[in-house]
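Q: I have a structure to go through before setting anything up. Can we walk through it together?

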Amino acid sequence: MRPVHALQEQPSGRVKEFKMEDFLRKIVIFKDLSAKSIHLVANRIQTLTVKKGIQVICEDEAAKGVFFIHSGAVKLTKQDESGNEIIVCMKQKGDVFAEACLFSKTSELYPATATMLEDGQLFYLDKGELEKGLHEYPELAVQMIQYMSDSLREMTSTLRDVALLDVYAKTIKTLERLGNKFNTSTTRWNIEIPLTIQEFATVVGTTRESVSRVFSKLKKEEIIEMKSRKIIILDMCKLCALMNTGY
């Protein structure tokens, strides 16, 4: 499914059925904006309800807009020449993706494929409309720059871990990072990460067999379990203790 097709399927007036301003406040880059800026975005944005497994955008497809996640989770992937897929990063509620296409003079294509990991609702904003809004409202531009800066910092730390740590250490650190990302409550137990072992292995940058060996150890220690194609962190405190002990 291409995003433009899905957007065309939305009934006219759909946006007005929601309290869009309230929803936008839950998105990271919009939460601190003035009422005027929020109203501007709300009038330009479109909503998109997408099922698990659907591709929202494809790598090397013409970039037409930016997406904001109101609910659900998304994986961003790239393929090598042999068709092997690696997960570049994961996005969830409150995150933005496809923002790399903004103000780009070198490429007009999406840099990665985005696929829904869970059923969810996305907000879609046309690239030209958002660029215009960033020009008109400096506070919106500042929020976007801060978000992109945080994302770059997170990606840099992830690349460091993949390059320098052994399989056990980077598996533990990746579990901790994703656990914090997908923890939707204040508890430290039963945190669900919507990935299979194979998908998780591509995030870590190693083989499925290597991750499985680490997972087997963590299962015996009752730190994680696998259920319904999800990784469940049973006890985040125990997981963090492993990090503090060895690394």
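Q: Is Cys-58 buried or exposed?
A: Cys-58 is buried, at a relative accessible area of 12%. Buried means under 20% relative accessible area, exposed over 50%, and partly exposed in between, with a 1.4 Å probe and protein chains only.

Q: What kind of model is this, and what are the ground rules?
A: The model is predicted: local features need pLDDT of at least 70, side-chain atom pairs count only at pLDDT 80 or more, and totals for chains, interfaces and linings use all residues. Residues are numbered from 1 along each chain as its sequence is written, and side-chain values use heavy atoms, with hydrogens and water left out.

Q: How many disulfides are there?
A: Zero, from a search of the whole structure; a disulfide is a pair of cysteine sulfur atoms within 2.5 Å. For Cys-58, the nearest cysteine sulfur is that of Cys-101, 14 Å away. Cys-101 is in no disulfide either, and its nearest cysteine sulfur, that of Cys-89, is 14 Å away.

Q: Cys-101, buried or exposed?
A: Buried, at 3% relative accessibility. Cys-101 is also one of the residues in contact with Lys-127 (heavy atoms within 4.5 Å), leaving aside neighbours of Lys-127 within four places in sequence.

Q: Where is Lys-127?
A: In helix α4, residues 127–136. Helices (H or I, at least four residues) and strands (E, at least two) are DSSP runs, numbered from the N terminus.

Q: Which side chain of opposite charge is nearest to Lys-127?
A: Glu-131, 4.4 Å away; Lys-127 is buried yet has no salt bridge. Lys and Arg count as positive, Asp and Glu as negative, and His and the chain ends are not counted. A salt bridge needs a side-chain nitrogen of Lys or Arg within 4 Å of a carboxyl oxygen of Asp or Glu.

Q: Switching to the loops. Where does Asn-84 sit?
A: In the loop between β4 (73–79) and β5. Asn-84 is partly exposed, at 45% relative accessibility. Beyond four places in sequence, Asn-84 touches Lys-78 and Gln-79.

Q: How far apart are Asn-84 and Thr-202?
A: C-alpha to C-alpha, 9.7 Å in space, with their positions 118 residues apart in sequence.

Q: And Thr-196, where is that?
A: In the loop between β9 (191–193) and α7 (197–204). Thr-196 is buried, with a relative accessible area of 14%. Not counting residues up to four places away in sequence, Thr-196 touches Arg-229 and Ile-231.
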